[in-house]
Structures are given as C-alpha cells and as structure tokens.
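Okay everyone, thanks for coming. I'd like to walk you through a structure that's new to most of us, so pull it up and follow along.

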Amino acid sequence: MRMMMLLTGLALVGLCDVPLYLLFRKSLKKYRSEIWFGIHSLCFIGLLLLLAFYVPRLGTTEGHRFSGCIAAVLLAGYLPKLLFLCLYLPGRILNCFSAPLSQWLSRFFRGAAVLFSAVFFLILLYDFTWGRNRYKVEEVEVSSPEVPAAFDGFRIVQLTDMHLGSRSPGDVGISRLCDRVDALQPDLIVFTGDMVNNLASEMTPWIETLARLKAPYGKYAVMGNHDYGDYAGLRSEERARNSERFYENMERMGFTMLDNAAVPLIRQNDTLMLCGVENWGEPPFSRYGDLPRALRDCDGLPVLLLSHNPSHWRTEVLEYPVFLTLSGHTHAMQMGIDLPGFRWSPARYRYPEYNGLYEHDGRYLYVSRGAGYIGLNGRIGMRPEITLLRLKRCE
C-alpha cells in the first residue's frame, strides 16, 4: 500500500514539475532560480521516501499522524500545479495562432491558470488547517408514520468516524465539537463507529472532553471497522486487552455500547426501539454484526438502527422492519463538492449511499460523512459533520 502511494506520489511530482520546468526554464535561468526549483522537488520526493520507508517503523498512532501530514503537504503542493497546467497549456497552444480570438483566449486561459490555481491552493491550505475543525451541522427531518406520536419532534445528534488517533494532543477540534453538540440540546446522542484508528489508547486525551456530552435519553454507540484493532497487527491477547480497554474508555465517556442489541426509549406512553449492530462490512472490512439477534426483542415496535457501514442497508436491513438506519464509514472520501442543491464526491462510485438521506419504500438511511479524518489530515470541500435529526410523525 505504501509503495503504491510512493509510486503515485512520484508520478504526481513528475507530471507537474517536469512540464513546469520545460515551460519556464528560460525564466528560471534568468532569475537564477533553477537550483531552488530542484530543491523544491527533492523535498517532496524526500517526504514520499519517508512515507514509504520511515513511517512504517513508527507506532500506528504516530504513523497515522505523520502520513496524514505528508499527504496534506503533497496534495497542497501539487494539486494546484495540476490545475495550473490544465489551464495554462491550452493557452500556450492557442498563442501559436495569430487570430484575435485565439490571442484573447490564450491570455484568458493563462490568466485563469494563475488565478484559479492560487485560489485552489488557499482553499487546500484552509481545509488542511483551520477548516478541518469547522464543523457543519446538517439538520435533517425524517418523516414516517412509524414515528411514535410522543416522539414527534424528537431530536437526535449523530456523530461518527472521529478517528481520534489522527489528532495530536492539544488539538482543539474535539472541544469545539462538544460545544456545538451541547448548543443543539439533543434528546439523544448516538455514535455510529470508528472512534479510533486502531488502538484504545488513542482515546485517552479526549475521554474527559467527550464525557461532557449529555442528553436526556442517553448516549449510545456501535463499533466501526477500525475500533476492533484489526489493522494494528496485534496478537490475540493484545487484541483482547485492547478491546477491553476500548469498552472501558467508551463507558468513561458515557456511551452505552449496543453490540447486536436493543434498548427501549420510552417517552410518555410510546416506545421506540434503539438497536445497534457491530460492524457489518463487505470484504476486506470485518463483519461481526448480527441483525436478527439485535431485533429479537423488538416485538413489532418501531426500530431505529445504528450500523456503521451503509452497505448493510441494501444488503440486509431492508429485509427487516427498520424505518430508519444511521451509518457513517464513507467519510464522503474526505473530498468533494458540497453546495446548496448540489453534492458530489468520488465516494459515490464506491458507495451508492455515501452522504445524506436516502429512502426506499418508506425506509430511510442517513449516512454521515463524519467528524474526523484519517489518511489525510483534513478534508477537501467536505466539512466535518455533526448531524441533527428530527423525527416527524406523518400519516
């Protein structure tokens, strides 16, 4: 995997820096800046070599942080260059023609190349620094005749994919998240998996902060594929200790784990069953979920299900009487376009339901793009999410 990242990064450096040098070599020689251009390229190559050969020697937590920083630096350094070349090269080609329109278009493309690449660089710089903690509250109304009358207007905050191991100690992001959630005054708080990258120890700096979260109907959580320690190369006894510590830390944070189980939420004379399954993934992701077991005590009552992987919804959940499923996992691939009335991410080509509310025959799925990040320290165009769901009864 890291060798693939190394080769991809080297290809990116070559595709950008070689054409840029050929295009501007006269200017580089004129201003005696060839050496600095070469040093600039060598620095990025050095970062890629560190990612491939040094990072694997670090512990898993330090490795995640370091590789995430390298990925952010590489993308911020080279994606704007790619955009510049895509706009500048047509301008250079058009400049070979003497027609007035060709000359005008040439100036337009070359000017646009400078402007748009500079703006894109500033956007990336923001997304990888301050923007990664600028949470967006997505307010979603779910209308269904299965919502009990007493739960009409019930407010649920969904959090997911925190990936605490990607954050350095002292990061203010989790404290800001808790402040935003407290301001929403939810009736219920649910967490739909991936609290950590690999190890339960990643939770330690944030236990007291996340314990601040309060809701009248409690805080419930399910496991995500990263929460089992499957990717840390642990021996069986180490994995068992890590799992035990994970549960202890979740309890200290105030979360009740729903491992293929259900709890009744009672409001006035009505009952809503809150169910949770362990991670139910498609290969290569782990599959520990047992939906029939989770639903065995529901007795025909309306069911709200927590399941980390949204693929579970179409594969199995739609076969059961579950009116609303809450998931995460996709991160919306931490990149895309999120504008009023238009949302796109490359995640859609892997997950048909990757972010937002989906409906099939009166059954609903909501997929959150998550509040954290992994593999890349930040998000490109897809702000971290806090979801506020309002249940509405309709006839």
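Let's start with a bit of vocabulary: when I say two strands pair, I mean that DSSP finds at least two bridges between them. In general, strands of a sheet pair through backbone hydrogen bonds, either parallel or antiparallel. And keep in mind that this is a predicted model.

So, where do we see pairing here? Take β1 and β14, which covers residues 385–393: they pair in the parallel sense, over nine bridges. If you want one spot to look at, find V137, whose bridge partner in β14 is I386.

Now zoom out a little. Those two strands belong to an open sheet of six, and the order runs β1-β14-β2-β3-β4-β5, with mixed pairing. Which strands sit at the edges? That would be β1, at 136–144, and β5, at 256–257, each pairing on one side only.

Next, the whole chain. It has nine helices and 14 strands. Along the principal axes, the C-alpha atoms fill a box of roughly 80 × 50 × 35 Å. Half the chain is tucked away, in the sense that 50% of the 395 residues count as buried.

What about contacts? Looking at those between residues at least 6 apart in sequence, 75% join residues at least 24 apart.

Last stop, the surface and the charges. The chain exposes about 18600 Å², and carbon and sulfur atoms supply 60% of that. As for charges, there are 42 positive and 39 negative ones, and their mean positions are 14 Å apart.

That's my tour, thanks!

Methods
Residues are numbered from 1 along each chain as its sequence is written. This is a predicted model: local features need pLDDT of at least 70, side-chain atom pairs count only at pLDDT 80 or more; totals for chains, interfaces and linings use all residues. Side-chain values use heavy atoms; hydrogens and water are left out. Helices (H or I, at least four residues) and strands (E, at least two) are DSSP runs, numbered from the N terminus. Buried means under 20% relative accessible area, exposed over 50%, partly exposed in between (1.4 Å probe, protein chains only). Contact means heavy atoms within 4.5 Å. Accessible areas come from the Shrake-Rupley method with a 1.4 Å probe; for residues, only the protein chains shown count as cover. Lys and Arg count as positive and Asp and Glu as negative; His and the chain ends are not counted. The place of a charge is taken as NZ of Lys, CZ of Arg, CG of Asp or CD of Glu.
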